[in-house]
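Subject: Structure for your review

Dear colleague,

Please find the structure we discussed below, together with its sequence. My notes on what was found in it follow directly after.

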Amino acid sequence: MAQKAFTKMETKNVDDMLFGETLHPVKLGLGQEAGNGMVYPNIKVAPAEGSEESIDGLEATSKNIAFAACQRVADIGLPSIQIETEHVQQQSISREASERCTAVTWEQLEELHDKFGTRVSLMSTVADMREEENGLRGSEFDIAMDESFEACAQNGASMLCIETVGGKVVSDYGISRGDARAILYGIGVLGSNDMEYMWTKIVDVAKKYNITPGGDTDCAQANTAMFLAGGFMSKNVSHTIAAVARAIAGARSLVAIECGATGPTKDCGYENPIVKSIASVPICAEGKNATCAHADLMGNLTAGVCDVWSNESVYNREEMGGPTPGVWLQSLGYECALMNTAKQIGTAKELRDSYVLADKYRDPQGVILAYDNAYRIGEAIVADGEDNYLRARAAALKAMDCINEAVDQGRILLTRFERDTLDSTYKTYEQLPDDSDKFLKTCIKRYSRKVKEHDIKQYDL
């Protein structure tokens, strides 16, 4: 296990789950403190995904987009802003690109702070380009990512984040086939194991340069299930399976905090309310202002307990004929102003409950991520807090209990497909052994044969 396994809830009462409030606020950047009474916006300004720009071009684009974002902040008088630079191109993992793109973005933020007193911070996210079949540990990409984190930390990053990919080849197999055992093994065991490896290194870099180790997201796995489940018309993946995968991801993403990460966690981790319920660290979230990236059924609900509010993806949309960074930032700023005003006039919990109830019963995924049920899942995780497998299974079973209760209360309806999937998944998890070694032995034998890319040597098991 990681350095600190949570065996009790830091958040003592479910009603304490609220946007802008944590027991462990985090100071970062210039004048910012996440989770200490104010929600602030986070906007990504990375160049376009798949861009073939030179490093000079990436630097110029990063500067231009950051300038546009900061200009809009000043124009509309936002008191606080976090910019995220997400290095998404293969060449941008190079040390030089990370140095230069981080430095020019931080320059713009410093200038904004110096001119207007705006509280600012810079989140640097390094893309996880590793592939299990080519080596998760010690591979060329692994080393390049280490160098990129170091370069970001040296050149203005306020915090470091990542979306780790360990276990993805197995969870993809499970999600596409409805194999509940593979999902539990891929996310809960392999994903948690790989996170401990990566976050031990990331926290060390952050400490070395006195910056913040932020958090992770199960974008590679649970988000895959969510995207494939899609909206009401999609039948590619069961929505109940997607909800179960997300609950397991709550146990997985907690590992970053156990390794020393402090938050704010990364926005696209929809499991973040579960993490916050356990650790009471600030979380970043996305939803109704992230429609540029994807469709989901929880756009309001995700705002209920956030501490930083994000748009998910901007990239270089101005050059692609889309909205400018300022447009996305303005909508984020207005939403944060609504939350912060509600806190000032004493209606924050009413707004939280309105956000949550708008989406809680639209989909099984909303049921389990509503703050009250996220808290219950958190309690299940800490009850088995020292074993990755047992706590991930406990999270899944509790999530399914929450969904079944909502069905029994007439709050949500399930199709025959969803009902059958939920029942079969519950039965599978109930019958799994309580002995994690026995579970691992079976899974290693089964999935090393079924998933050709799966290399057990890439995990410390």
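A salt bridge is taken here as a side-chain nitrogen of Lys or Arg lying within 4 Å of a carboxyl oxygen of Asp or Glu. K457 and D455 satisfy this, since their side chains meet with 3.1 Å from N to O. Please bear in mind that the model is a predicted one.

**Salt bridges**

The two partners just named differ in their surroundings. K457 is exposed, at 68% relative accessibility, whereas D455 is buried, with a relative accessible area of 17%. The cut-off matters for D455, because buried means under 20% relative accessible area.

In the whole structure, the search finds 34 salt bridges. As general background, side chains of opposite charge can pair when their charged atoms come close.

A second example joins D172 to K168, again with 3.1 Å between N and O. Both belong to helix α4 and stand four residues apart, so about one helical turn separates them. D172 is partly exposed at 27% relative accessibility, and K168 is partly exposed at 26%.

A third salt bridge, between K266 and E163, has an N to O distance of 3.5 Å. This pair links distant parts of the chain, 103 residues apart: K266 sits in the loop between α7 (239-258) and α8 (272-279), and E163 in the loop between β6 (159-162) and α4 (168-177). K266 is buried, with a relative accessible area of 0%. K266 and E163 also belong to a network of salt bridges, whose other members are K44, E84, E86 and D267.

**Aromatic pairs**

How many aromatic pairs does the structure hold? There are five. In general, such a pair is described by the distance of the ring centres and the angle of the planes.

Y185 and F439 make an edge-to-face pair, with 6.5 Å from centre to centre and 75° between the planes. Because Y185 lies in helix α5 (residues 180-208) and F439 in helix α15 (residues 436-450), the contact ties together parts that are 254 residues apart in sequence. Y185 is buried at 0% relative accessibility, and F439 is buried with a relative accessible area of 2%.

F439 has another partner in Y389: the ring centres are 4.1 Å apart and the planes are at 10°, so this pair is stacked. Here too distant parts of the chain are linked, with Y389 in helix α13 (residues 388-408) and F439 in helix α15, 50 residues apart. Y389 and F439 are both buried.

These contacts fit into a wider arrangement. One aromatic cluster is formed by Y173, Y185, Y389, F439 and Y447.

**Positive patch on the surface**

Helix α15, which holds F439, also appears in a description of the surface charge. A patch of positive charge gathers R177, K441, K445, R449 and K450 on the surface. The element that gives the most to this patch is α15, with four residues. K445 is placed in helix α15 and is exposed, at 68% relative accessibility. F439 of the same helix, by contrast, is buried.

**Backbone features**

Three places in the backbone deserve a separate note. Most residues other than glycine have a negative phi, and most peptide bonds are trans.

The peptide bond from G263 to P264 is cis, with omega near -5°. P264 is found in the loop between α7 and α8, and K266 of the salt bridge described above lies in that loop as well.

N210 is not a glycine, yet it has a positive phi of about 60°. N210 belongs to the loop between α5 and β7 (212-213). At 72% relative accessibility, N210 is exposed.

S280 likewise has a positive phi, near 50°, in a residue other than glycine. Is S280 buried or exposed? S280 is buried, at 5% relative accessibility. S280 is placed in the loop between α8 and β8 (284-286).

With kind regards

Terms used: Residues numbered from 1 in each chain as written. Predicted model: local features only at pLDDT ≥ 70, side-chain atom pairs only at ≥ 80, totals over all residues. Heavy atoms only, no water. Phe/Tyr/Trp six-rings, centres within 6.5 Å; stacked < 30°, edge-to-face > 60°. Helix = DSSP H or I, 4+ residues; strand = E, 2+ residues; numbered from the N terminus. Buried < 20%, exposed > 50% of the residue type's maximum accessible area, 1.4 Å probe, protein only. Patch = residues over 30% accessible without salt bridge, like charges linked within 9 Å, V, L, I, M, F, W, Y side chains within 5 Å. Areas by Shrake-Rupley, 256 points an atom, 1.4 Å probe, with all protein chains shown as cover. Lys, Arg positive; Asp, Glu negative; His and termini not counted. Charge placed at Lys NZ, Arg CZ, Asp CG, Glu CD.
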